[in-house]
Amino acid sequence: MESLSENKSFGGTQGVYKHASTSCNCDMTFGLFLPEEAKDGPVPVLWFLSGLTCTHENAMTKAGAQAWAAEQGIAVVFPDTSPRGDDVADDDAYDLGKGAGFYVNATQAPWSPHFRMWDYIASELPALLEEKFPLDMSRQAITGHSMGGHGALTLALSLPGRFKSVSAFSPICNPTGSDWGRKQLSAYLGADEALWIGHDASILMRERGFDGPVLIDTGTDDQFMDLLKPETLAAAVAERRQEANLRLQKGYDHSYFFVSTFMEEHVAFHADALYGE
């Protein structure tokens, strides 16, 4: 692992690191904020998964998470959204290929050699973080924005016991029924839609639920509302009788201005769960 930068931030350290990924078969970069408390021992971890076109840097510089994480004594990890490199397959469209990993393990050519973001986020990166940094991996929470909200929800719903809490900003809630999903899932996983179900938060919520608190924020002026389909997740929550707080925030859109506005509340929400036992 190589340290690319480390900057003092709110009493802690905002670092950026690069390592050779066995899951993605390329070098991967991630950001990690460590609060001041990490100097004295392991601290809880909040994952922030980013959306389409983003790298590790977008949320790290725009979401405003460090101030609130420092206040709560929580680390925040900012992974990249896809594999990178000259030999990694790509597409001319913004919503497929680099920057659009969709947090799945691709099985189809030309994506399968590198696009294994599920394994990277679920297994490889957590193991690396636990080895290299003072993190308490028994206390993890997860959040994300848009495509990253989709990833946060599907990971939390599919890995019972891993995360104490899950939240999302403007998540893609029903990718099997949306153009933000059907295109990518068919490209990465093939035409058999039965293989897509494990990556649809609305279906997983209805079938499995989540053993912990859930918080979802979506802006009423989100320009991608028809692609996000929050109503499908709301219906699944109601059917499951899941503990959840699903909020429509009046006048907000899909941008990081929206994310940063409610970041304090999301970090506090996760802190309650992480320190609740």
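Buried means under 20% relative accessible area, exposed means over 50%, and partly exposed is what falls in between (1.4 Å probe, protein chains only). By that cut-off, Tyr17 and Phe30 are both buried.

A quick word on the ground rules. This is a predicted model, where local features need pLDDT of at least 70, side-chain atom pairs count only at pLDDT 80 or more, and totals for chains, interfaces and linings use all residues. Residue numbers run from 1 along each chain as its sequence is written, and side-chain values use heavy atoms, with hydrogens and water left out.

**Cores**

Let's start inside. A nonpolar core here is a set of buried Ala, Val, Leu, Ile, Met, Phe, Trp, Tyr and Cys residues joined through side-chain atoms within 4.5 Å. The largest one has 65 residues, and Phe30, Trp47 and Tyr188 have the most contacts inside it. Its top contributor is helix H3 (residues 117-132), which puts in 8 residues. Helices (H or I, at least four residues) and strands (E, at least two) are DSSP runs, numbered from the N terminus. Another core lies apart from this one, with 24 residues, including Phe33, Cys54, Tyr256 and Phe262. As a general point, nonpolar side chains in soluble globular proteins tend to be buried together.

Trp47 deserves a closer look. Counting contact as heavy atoms within 4.5 Å, and skipping neighbours within four places in sequence, Trp47 touches a list of residues that includes Ile121, Leu125, Pro126 and Leu129, along with Met137, Ile142 and Phe163.

**Aromatic rings**

Rings of Phe, Tyr and Trp (its six-membered ring) pair up if their centres lie within 6.5 Å; planes under 30 degrees apart are stacked, over 60 edge-to-face, and the rest tilted. The structure holds 13 such pairs. In one of them, Tyr17 and Phe30 sit 5.6 Å centre to centre with 35° between the planes, making the pair tilted. This pair links distant parts of the chain, with Tyr17 in strand S2 (residues 12-21) and Phe30 in strand S3 (residues 26-34), 13 residues apart. Elsewhere, Phe48, Phe78, Phe169, Tyr252, Phe258 and Phe262 form one aromatic cluster.

**Gly219**

Two members of that cluster turn up again here: Gly219 touches Tyr252 and Phe258, as well as Ser170, Met225 and Gln249, not counting residues up to four places away in sequence. Gly219 is in strand S8 (residues 214-219). Why does Gly219 count as buried? Because its relative accessible area is 0%. The C-alpha atoms of Gly219 and Lys250 are 6.1 Å apart, though 31 residues separate them along the chain.

**Salt bridges**

A salt bridge is a side-chain nitrogen of Lys or Arg within 4 Å of a carboxyl oxygen of Asp or Glu. That rule gives 9 of them, and here are some examples.

| Acidic partner | Basic partner | N to O distance |
|---|---|---|
| Asp119 | Arg116 | 3.2 Å |
| Glu131 | Lys132 | 3.8 Å |
| Glu265 | Arg247 | 2.9 Å |

The Glu265 and Arg247 pair links distant parts of the chain: Glu265 belongs to helix H9 (residues 256-274) and Arg247 to strand S9 (residues 245-249), 18 residues apart. Salt bridges with shared partners also tie Asp217, Arg247 and Glu265 into one network.

How accessible are these partners? Glu131 is exposed, because its relative accessible area is 59%, while Lys132 is partly exposed at 43%. Glu265 is partly exposed too, at 37%. Arg116 is partly exposed at 27%, and Asp119 is partly exposed at 25%.
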